[in-house]
Number of protein chains: 2
Amino acid sequence: MEALKQKILRDATVVGDDVLKVDNFLNHQIDIKFLNEIGKEFRDRFDDVRVDKILTIEASGIAIASIAAQYFDNVPVVFAKKTESKNLDKEVYEASVYSFTKDKEYKIKVSKRYLNEGENILILDDFLARARASLGLIDIIKQAKANPIGVGIVIEKSYQDGRREIEEEGIRLESLAMIDSLKEGKIQFR
Amino acid sequence: MEALKQKILRDATVVGDDVLKVDNFLNHQIDIKFLNEIGKEFRDRFDDVRVDKILTIEASGIAIASIAAQYFDNVPVVFAKKTESKNLDKEVYEASVYSFTKDKEYKIKVSKRYLNEGENILILDDFLARARASLGLIDIIKQAKANPIGVGIVIEKSYQDGRREIEEEGIRLESLAMIDSLKEGKIQFR
């Protein structure tokens with residue numbers, strides 16, 4: 001997605017050799033108009049499949065999924081919870097996700113009421129690196145006997161093994177920007 | 001907002017005397033089409049003020065703020081972070097928020113880059129009870145020398161003191177549904 005590459009080159013910053021900061025338009029301050037362009041692009045990429053629901057994970061996936069859902073006939077969005085919540089149902093699907101950035105394992109949870117057998121579920125998220133979050137969401141979708149019909153990612157770090165992991169599950173992955181390297185502060189797209 | 005009351009009566013559940021669960025349309029599964037109605041209603045309520053930016057707090061405020069922003073000329077959304085993040089700037093505005101549901105104090109943070117002096121900031125969030133989160137956001141806006149021009153809330157628990165706290169700050173509060181009591185599992189609107 002050319003507009004996204006331009007946006008990244010203009011607005012993102014690289015920290016070290018691995019961190020791409022996009023907090024001025026994607027995951028702290030959110031550029032709503034641009035997110036609509038991203039939503040349309042996801043619709044184009046997954047135009048050939050029926051999508052019943054969009055699944056994402058708090059917090060940075062929520063804006064992306066919510067805006068994108070408008071281009072998928074306003075399907076419901078469900079976001080997996082990372083934190084304990086008094087208001088979460090007792091009956092949940094649960095998966096363990098290892099975070100390399102935080103060097104710890106955490107649980108993600110989705111109420112059993114919001115994923116149903118046979119539904120086609122599209123996963124959307126901001127970043128893909130080692131794909132731990134996406135694999136956790138796929139695990140949860142399978143527990144619900146629903147169909148993980150695809151993963152849509154805004155920015156893929158293609159130099160890590162996330163894509164391989166997802167494709168080995170037999171699941172389609174569409175990334176709007178693929179980055180081959182962030183070495184020496186330079187953003188190199190595929 | 002009559003449609004919201006109807007939605008609450010149809011889809012929300014009451015737990016104990018104080019918890020209103022709206023996780024099937026507002027803060028776990030999200031009804032995107034209905035959120036658009038909420039967004040339009042916020043625009044109508046704040047039609048007489050210039051809004052430069054919408055500020056909310058992760059996680060459940062993000063979808064509401066993002067969809068609503070589309071009705072405010074796509075102004076940027078900023079969400080305050082509750083959790084430590086490696087990718088957050090070092091230079092942040094910070095406030096302490098006491099959570100009664102979790103019985104602990106936590107910090108909320110916004111990068112100094114995303115709130116600017118003189119900007120008109122509208123706060124949007126899902127719930128207002130004792131207003132601790134909103135007061136924390138107001139504190140942060142004031143630190144930035146920006147103007148907290150209003151607080152928009154989807155569901156206000158009017159039997160708690162949040163409204164008084166915000167109005168004592170001289171800030172306008174618009175709640176789309178006001179609840180006087182949840183006692184004995186019955187939802188009583190104002």
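Student: How many bridges join strand 8 of chain A to strand 9 of chain A, and do they run parallel or antiparallel?

Tutor: This is a predicted model. Eight bridges join the two strands, strand 9 covers residues 147–157, and they run parallel. Take Phe127(A) as a marker: Ile155(A) in strand 9 of chain A stands opposite.

Student: Which strand of chain A pairs with strand 8 over three bridges?

Tutor: Strand 4 of chain A, residues 53–57, in the parallel sense. Here Leu55(A) stands opposite Ile123(A) of strand 8.

Student: Why is strand 8 of chain A largely enclosed by the rest of the structure?

Tutor: Strand 8 spans residues 120–128, and eight of its nine residues are buried, so the rest of the structure largely encloses it. Buried means under 20% relative accessible area.

Student: How should I picture the side chains along a strand?

Tutor: In a regular strand they alternate between the two faces of the sheet.

Student: What is the strand order of the open sheet?

Tutor: Seven strands, in the order 11(A)-10(A)-9(A)-8(A)-4(A)-5(A)-3(B), with mixed pairing. The edge strands are strand 11 (188–189) of chain A and strand 3 of chain B; each pairs on one side only.

Student: Where does strand 5 of chain A pair with chain B?

Tutor: At strand 3 of chain B, residues 29–30. Two bridges join them, and the strands run antiparallel. Val77(A) stands opposite Ile30(B) there. Val77(A) is also the bridge partner of Ile54(A). That second link belongs to the pairing of strand 4 with strand 5 of chain A, which is parallel over four bridges.

Student: How do I read the size of an interface?

Tutor: It is often given as the accessible area lost when the parts come together. In this case chain A and chain B bury about 3300 Å² between them, with 55% of it on carbon and sulfur atoms. The contact takes 39 residues from chain A and 39 residues from chain B.

Student: How many salt bridges and polar contacts lie between the chains?

Tutor: Four salt bridges. One of them joins the side chains of Asp23(B) and Arg113(A), at 3.3 Å, N to O. The polar contacts come to 21 residue pairs, both residues at pLDDT 80 or more.

Student: Which element gives the most to the side of chain A that touches chain B?

Tutor: Helix 3 of chain A, with five residues. Other elements giving two or more include helix 2 (32–45) and strand 7 (104–111) of chain A. By type, that side of chain A divides into 16 nonpolar, eleven polar and twelve charged residues.

Technical notes:
Residues are numbered from 1 along each chain as its sequence is written. Chains are lettered from A and ligands numbered from 1 in the order in which they are written. This is a predicted model: local features need pLDDT of at least 70, side-chain atom pairs count only at pLDDT 80 or more; totals for chains, interfaces and linings use all residues. Side-chain values use heavy atoms; hydrogens and water are left out. Contact means heavy atoms within 4.5 Å. Buried area is the accessible area (1.4 Å probe) that two parts lose on being put together, summed over both. A polar contact is a pair of N or O atoms within 3.5 Å; within protein, one must be able to donate a hydrogen and the other to accept it, and residues adjacent in sequence count only if both atoms are side-chain atoms. Ala, Val, Leu, Ile, Met, Phe, Trp, Tyr, Cys and Pro count as nonpolar, Asp, Glu, Lys and Arg as charged, and the others, Gly among them, as polar. Two strands pair if DSSP finds at least two bridges between them. Buried means under 20% relative accessible area, exposed over 50%, partly exposed in between (1.4 Å probe, protein chains only).
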